[in-house]
Amino acid sequence: MSLVLVLSFAPVSYSRTQPAREKLDAQVRDEFMHAWNGYKKYAWGHDDLRPLTKTHHDWYGQSLLMTPVDSLDTMIVMGLNDEANTTREYIAKNLSFDKDIYVQNFEITIRLLGGLLSSYQLTGDKRLLDLAEDLGNRLLPVFDSPTGMPYRFVNLKTGKVRGAESNPAETGTLLIEFGTLAKLTNRPIFYEKAKRALVETYKRRSDIGLVGEKINVETGKWLVSDSHISGAIDSYYEYLLKSWLLFGDQDCKRMWRESIASVNKYLAEAQVDRGLWYGHADMNSGTRTATTFGALDAFFPAVLALSGDLRRAKSLQASSFRMWQLHGIEPEELNFRTMEVTSAGYVLRPEIVESTYYLYHYTRDPKYLAMGKVLFADFVRYCKTEEAYASLKSVVTKEKRDTMQSFVFAETFKYFYLLFATPAGFNFDQVVFNTEAHPIRKTW
């Protein structure tokens, strides 16, 4: 209780005299274990825990061990060795992708393929790499479209595909995982397929350099011309930058630099009294179409910082934190001109924590530690349940929702921990995080 009181200070007022690295890593680890033990007690062997009803949920009717795979590298980073070893053995012996189910390629790639590859690199357990390669083989048919951009869904057993209407995030957020699989298995096809999908998405940008929100992967035609950095587009930009950094891919470097110039020109909106925000614009004209920003957009300060643009990163992070402080926790979306919430839910998202971690890493400014302490205290105060953590139906009323997706383990707890800890053998500058916060090292 005392922690909550200490951290409830006025908006954007930081103590510059506090110790430079006052740690909360042990408390983050304890809260991770609180949520993990709830999962184990009520949902072990299933994809997700429903924390209010204390029941389980499987995405496709059959479990793909979403939470164990997503959680494993976080346990390793946190030094939870017994839990990690037990979980790794369970995954190796029980996870099978030989299932007659259609899965969403994007989500399975970032969570399962990314998680298996990262945990393999951290443990050297070849069973995890074998599972990753088997999964990669089963996902490959998604790329068999006329444009090379992937279909959204694939049947893991039959290889049949469906879902021609997709978006840049789903067509362009694959190269880190498939590229790493290619390097670790010496099978270039994985890299080639994912890179072509990214390039084909980029090639269809407008004359002013923006991409839209929805595209048909068979015809290559845009179906929705709204452009932004939020869901359905967000990680497309992230992977242009990170694929350059991880693989030294010069095409990705060029595509990133050309893309970020257009994003900053047409999507950014700086206001004297309200700071820097990124809104929506028509991809063809650049005309502003919406002045909304939300929890998913809060990843962008991290990307800006990683690219070296600390000035914009700091300004946008201040805006994200202001959004958080409106109601003591961030909404899914708000109108940044009126500061009115337009979508009130909170699903335990990690993006603002990720950006806080990146900015502290690059600046060592203690205000980002202080910011992180506020985020963590609010997160615990409003989302902790008797057995785990729960999403919120509304950040205004703080009413809870019966969901706890696996990314709370993969991302939210991991970024909180890394902000306050210096794990032995873990070096920020030697890894690239995929969009699910699975750290990948360039070992090839």
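In which sense do strand 6 and strand 7 pair, and over how many bridges? In this predicted model, the two run antiparallel, joined over 2 bridges, with strand 7 covering residues 214-216. You can pick out one of the partnerships by eye: Ser166 has Ile215 of strand 7 as its bridge partner.

Now step back to the sheet around them. Strands of a sheet pair through backbone hydrogen bonds, in either a parallel or an antiparallel arrangement. Here, 3 strands make an open sheet in the order 6-7-8, and the pairing is antiparallel. Strand 6 (165-166) and strand 8 (222-224) are the edge strands; each has a single partner strand, so one side of each lacks a neighbour in the sheet.

Let's move along the chain to another antiparallel pair. Strand 15 (residues 333-335) and strand 16 (residues 340-343) are connected by 3 bridges, and Leu334 finds its bridge partner in Val341 of strand 16. Together the two strands form a hairpin, with 4 residues between them.

Met339 is a good place to pause. This residue sits in the loop between strand 15 and strand 16, and its phi is positive, at about 60°. Is Met339 buried or exposed? Its relative accessibility is 15%, and because the cut-off for buried is under 20%, Met339 counts as buried. Beyond its neighbours within four places in sequence, Met339 is in contact with Arg274, Trp277, Arg322, Leu326 and Leu334. Leu334 is thus a residue to look at twice: it pairs with Val341 across the hairpin and also contacts Met339. For a sense of scale, Phe299 is 40 residues from Met339 in sequence and 19 Å away in space, C-alpha to C-alpha.

Notes. Residues are numbered from 1 along each chain as its sequence is written. This is a predicted model: local features need pLDDT of at least 70, side-chain atom pairs count only at pLDDT 80 or more; totals for chains, interfaces and linings use all residues. Side-chain values use heavy atoms; hydrogens and water are left out. Two strands pair if DSSP finds at least two bridges between them. Buried means under 20% relative accessible area, exposed over 50%, partly exposed in between (1.4 Å probe, protein chains only). Contact means heavy atoms within 4.5 Å.
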